[in-house]
Amino acid sequence: MKKIIRFLSLLIIVLASAGVAGCQGQENSWQAIKSRGTLVIGVDDSFVPMDFRQKNGKLVGFDVDLAKAVCKEIGLKPDFQTIDWSMKETELRNGTINVIWNGYTKTKARAKKVAFSKPYLENDQILVTRKNEGINNYRQMRGEILGVQTGSSGADDLDNYPKVLKKRVKSTVLYDTYNNAFIDLKAGRINGLLIDGVYANYYLAHIKYQKEFKKEKLPYPSEKFSVGINKKDKTLKNKINQALDHLEKTGELEKIREKWFN
């Protein structure tokens, strides 16, 4: 009986120690970020109007402004790092970045690997085609070539809802950036482009040849943009959510929305 009691006592001590170590591990991540004074933010710097570079190389965009505002609230300086978008979750898991903050859609598949902040913006997937193609709706993409960005939520929708486009098109072409995809679309190398609505709306409104294209909202579920955070970084997640709540209450978040989306 004494041996059993001693064993149980030792087991309780071990479990308690493991719990403390786990809590310290979660807290140490925030403490390390706080001590460094910077939040390393992974971005795709060609994704207008969320994160993109002006002609002088300066990084601007909706997410840039929002990240700066949140960092100010939590006492950090933003450190924007351009990453390979197809490797974003790997970069986060390896600790080379602290967050993914770039029009990042919350999905069930991603939620298995990444923790998400509260959503701050809505988005839809749309199809962009050239007017002279005579493609009036997505059903007429049968036998055509479709462009999509590697690792995008559009690519996820393509696989998750194959009846919409995947089973209709002849083939798909994967692109690292939407910029390259639009070049091919204009040149006729692809017939349609599956793309985030926020990108397409901004891009088409700021190019000279916008009248050459038309767009159609696709029957995929609406999306919500959130900040991607390592699952162990619970303190950081709470800090970001509190900052987003405060920016919403003060009207600062709405000002940033109006600046970029009118």
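Colleague: How many helices and strands does the protein chain have?

Modeller: This is a predicted model, in which local features need pLDDT of at least 70 and side-chain atom pairs count only at pLDDT 80 or more, while totals for chains, interfaces and linings use all residues. Residues are numbered from 1 along each chain as its sequence is written, and side-chain values use heavy atoms, with hydrogens and water left out. Helices (H or I, at least four residues) and strands (E, at least two) are DSSP runs, numbered from the N terminus. On this basis, the protein chain has nine helices and 15 strands.

Colleague: What share of the residues in the protein chain is buried?

Modeller: A residue counts as buried under 20% relative accessible area, as exposed over 50%, and as partly exposed in between (1.4 Å probe, protein chains only). Of the 262 residues in the protein chain, the buried share is 46%.

Colleague: Among contacts with a separation of 6 or more, what part comes from residues 24 or more positions apart?

Modeller: A contact means heavy atoms within 4.5 Å. For the protein chain, the part that joins residues 24 or more positions apart is 76%.

Colleague: In which order do the strands of the five-stranded open sheet stand?

Modeller: Two strands pair if DSSP finds at least two bridges between them. The pairing in this open sheet is mixed. E1 (residues 38-43) pairs with E5 (residues 77-82) in the parallel sense over six bridges, whereas E6 (residues 99-100) and E15 (residues 228-229) are antiparallel over two bridges. The full order is E5-E1-E6-E15-E7.

Colleague: Which strands stand at the edges of that sheet?

Modeller: The five strands run in the order E5-E1-E6-E15-E7. An edge strand here has a single partner strand, so one side of it is left without a neighbour in the sheet. The strands in this position are E5 and E7 (115-116).

Colleague: Which residue is the bridge partner of Ile41 in E6?

Modeller: E1 pairs with E6 in the parallel sense over two bridges. On the E5 side, Val43 of E1 stands opposite Thr82, and between E6 and E15, Ile100 stands opposite Gly228. In E6, the partner of Ile41 is Val99.

Colleague: How many of the residues of E1 are buried?

Modeller: Thr38, Val40 and Gly42 point one way from E1, and Leu39, Ile41 and Val43 point the other way. Both sets are buried. The strand is therefore described as mostly covered, by the definition of burial under 20% relative accessible area. The count of buried residues is six of six.

Colleague: Which two residues does the cis peptide bond join?

Modeller: Most peptide bonds are trans. Pro49 lies in the loop between strand E2 (46-47) and strand E3 (51-53). The omega of the cis bond is about -5°, and the residues joined are Val48 and Pro49.

Colleague: What volume does the largest cavity have?

Modeller: On a 1 Å grid over the protein atoms alone, a cavity is a set of points where a 1.4 Å probe fits but cannot get out; a pocket is an open set with protein on both sides within 12 Å along at least five of seven lines, and lining residues have an atom within 4 Å of a point. Grid points are joined across faces, edges and corners, and a volume is the space filled by probe spheres set on the points. The structure holds one cavity of 30 Å³ or more. The volume of the largest cavity is about 90 Å³.

Colleague: Of the residues that line the largest cavity, which are the closest to its centre?

Modeller: The lining divides into four nonpolar (Ala, Val, Leu, Ile, Met, Phe, Trp, Tyr, Cys and Pro), three charged (Asp, Glu, Lys and Arg) and six polar residues (the others, Gly among them). Of the 13 lining residues, the closest to the centre are Phe47, Trp85, Gly103, Gln149 and Asp196.

Colleague: Which element gives the most residues to the lining of the largest pocket?

Modeller: The largest pocket has a volume of about 260 Å³, and 14 residues line this pocket, with Lys106, Thr107, Lys108, Asp157 and Tyr161 nearest its centre. Helix H4 (108-111), helix H5 (153-160) and strand E14 (223-225) each give two or more residues. With four residues, the element that gives the most is H5.

Colleague: Which residues of H5 are buried?

Modeller: The cover over the buried residues of H5 includes H4, E14 and strand E10 (145-149). These buried residues are Ser153, Gly154, Ala155, Asp157 and Leu158.

Colleague: Which helix gives the most to the lining of the second largest pocket?

Modeller: This pocket has a volume of about 200 Å³, and its lining has four nonpolar, five polar and two charged residues. Helix H7 (197-205) and helix H9 (252-261) each supply at least two residues. With four residues, the helix that gives the most is H7.
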